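Here's a structure to get to know through a few questions and answers. Take a look first, then we'll go through it bit by bit.

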Amino acid sequence: MSQDSQHGKWTISSSDDDDDEALPPSGTATSGSRQPTESKARQSAAKNQLNPVKYETSPSLAGKRKKVASDSTGWALSDSDEDDGEVKGKSLSDLPKKAPPNPKTKKPKVESERPPSPHGRLYYIDEPDDFFESRLPPLNDTYRFYLNKVTGLEKKYNNGALHIRDILSPLFGTLKESVQFNYCFDIAWMVKQYPSEFRDRPVLIVHGDKREAKARLIQQAQPFPHVRFCQAKLDIAFGTHHTKMMLLWYEEGFRVIILTSNLIRADWYQKTQGMWMSPLFPRLPKESSASAGESPTFFKRDLLEYLASYRAPELEEWIQRIKEHDLSETRVYLVGSTPGRYVGSDMERWGHLRLRKLLYEHTNPIPGEERWPVIGQFSSIGSMGLDKSKWLAGEFQRTLTTLGKSSLRPDPPMHLLYPSVENVRTSLEGYPAGGSLPYSIQTAQKQLWLHSYFHRWKAEATGRSHAMPHIKTYMRASQDYSQLAWFLVTSANLSKAAWGALEKNNTQMMVRSYELGVLYLPSAFISLGSGTFLTARLPTHTATSGFPPDHTHTRLI
């Protein structure tokens, strides 16, 4: 669906999981068939976002816009969360044709030829001097859940939030090497986020790009010899490498960051993102046992299992490093997805059945839980079938409503938070923010039943109602939203590709994509068994701002 506006003609971007339609292999060009509309939206945004719509009552942006000539080419990288195996961006043959270069004209550097951000270079402003941390910021050492800093918000709303430059700062450790798992990359921008003293330290990029997209990614890295690549295996059609994680190896120890942001500037600018930052894990004494350094949540075992699923030689040294560190302080559970078809006990290793297993084993039934709504919040929506019984209510809702070992399966309300057109129009970015909210009109028309679940985005408590969400969160809340039975922050959107789907009369689990998140359960944060997280009482359907809990932390039930 296209619409004309002052930004030009823009296209609602595609969803991630239209697996009922035949699509070409990733990296191949199409003609006359379904095109990757997410990339079209991004390319249109690059050309037309010099004067985006601004919400009239939002705070004025600090700083001055950069005086940099806009790149004449469209932005070729897709920032969709799931592209279902579609081509990321256009093929090289589809890019705008340029006039033959003048032989006397000096060839620009490769860095200036990289695809610009989806907004075009003139859109961004320089953040004020005090935007980034010059000293160790106040950290939530209990829950270690953080939002990102958003340019243009009042300073109070960025207190306690983190930018990527803060994460990579020497304040957190003396970096030796790092790994960046992600979906979308701007290599030159990423390298600049490392402090100057760490900027030439080895970086391994774990990605899922193929063919032309892979060639573009490698070309971006040409000026940076310290950057290496590891290509994730995507053997099932329509899958993506969507995991967003940093592994940071310091002289002082090791750290894991699991987050929702791509490695492009747009994702760290005026969108709402979330992350879990681990403690600094110390090195174990030599000759420690294989089980040493494990946490009560078995985070170390699960992280090693997740990395092993890549079957990648490039990750072997990192697997060994993790084995040599003490991860025992970790209180969250790892919930991951890796591509494959799983049977027997392996069905509960990945995807939503992994989440179901954890909720079954580590939570307890709650009196009146039939009135405790399930809340899902995401930035992309896939194809889920002609009615809710096909997947959403048939298996996914059963996972989200699991509380302990009770055989009772109540049918509580299910609220799905997704930005409305008005949310996008009045956002800090204006209509182009929709380029990061893929839900194609073709998919939407097939599942009109889903609209009855929708609630619009609102995050007043954190000042982010006009910072469109790229964060993905799922939770179970009390009727008055003052308690949470559990909370999950993840890269996984609302799709079968991300969460997996049952096959063969429920005897097989099929997962298409790589995803990763962390699950917060009250039982891991209090010493007397299960309970609930207490929050400040929130307005109905408020997103993300109910976590982390307030100073009372948890409540026993």
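Q: Which residue does the side chain of Lys 472 join in a polar contact of 3.0 Å?
A: Keep in mind that this is a predicted model. Here the side chain of Lys 472 pairs up with another side chain through a polar contact of 3.0 Å. The partner is Ser 379.

Q: Where is Lys 472 found?
A: Look for two strands, E14 (454–455) and E15 (473–477). Lys 472 is found in the loop between strand E14 and strand E15.

Q: Is Lys 472 buried or exposed?
A: A residue counts as buried when its relative accessible area is under 20%. Lys 472 has 0% relative accessibility. So Lys 472 is buried.

Q: Which residues does the UniProt annotation "binding site" cover?
A: The label comes from an unreviewed UniProt entry, and Lys 472 is one of the residues in it. The annotated residues are spread over 229 residues of sequence, yet they cluster in space, with a largest C-alpha distance of 11.8 Å. The residues covered are Lys 244 and Lys 472.

Q: Which backbone oxygen lies 3.0 Å from a polar atom of the side chain of Lys 244?
A: Lys 244 sits in the loop between strand E6 (227–231) and strand E7 (245–250). Lys 244 is buried, because its relative accessible area is 0% and the cut-off is under 20%. The backbone oxygen 3.0 Å from a polar atom of its side chain belongs to His 242.

Q: What share of the residues in the protein chain is buried?
A: Zooming out, the protein chain has 13 helices and 21 strands. It exposes about 22,300 Å², with carbon and sulfur atoms supplying 52% of that. Of its 557 residues, the buried share is 60%.

Q: Which strand gives the largest share of the largest nonpolar core?
A: That core has 96 residues, and Met 245, Leu 392 and Trp 486 are among those touching the most other members. Six of the core's residues come from one strand, the largest share. That strand is E16 (residues 483–490).

Q: How many residues make up the second, separate core?
A: This one is set apart from the largest core. Its members include Leu 162, Ile 164, Ile 167 and Trp 189. The count is 30 residues.

Q: Among contacts in the protein chain between residues at least 6 apart in sequence, what share joins residues at least 24 apart?
A: Leu 392 gives a feel for contacts beyond neighbours within four places in sequence, touching Met 384, Trp 449 and Leu 494, among others. For the whole protein chain, counting contacts between residues at least 6 apart, the share joining residues at least 24 apart is 78%.

Key
Residues numbered from 1 in each chain as written. Predicted model: local features only at pLDDT ≥ 70, side-chain atom pairs only at ≥ 80, totals over all residues. Heavy atoms only, no water. UniProt positions renumbered as here; feature names shortened; annotations may be inferred. Helix = DSSP H or I, 4+ residues; strand = E, 2+ residues; numbered from the N terminus. Buried < 20%, exposed > 50% of the residue type's maximum accessible area, 1.4 Å probe, protein only. Polar contact = N/O pair within 3.5 Å; in protein donor to acceptor, adjacent residues only side chain to side chain. Contact = heavy atoms within 4.5 Å. Areas by Shrake-Rupley, 256 points an atom, 1.4 Å probe, with all protein chains shown as cover. Core = buried A, V, L, I, M, F, W, Y, C linked by side-chain atoms within 4.5 Å.
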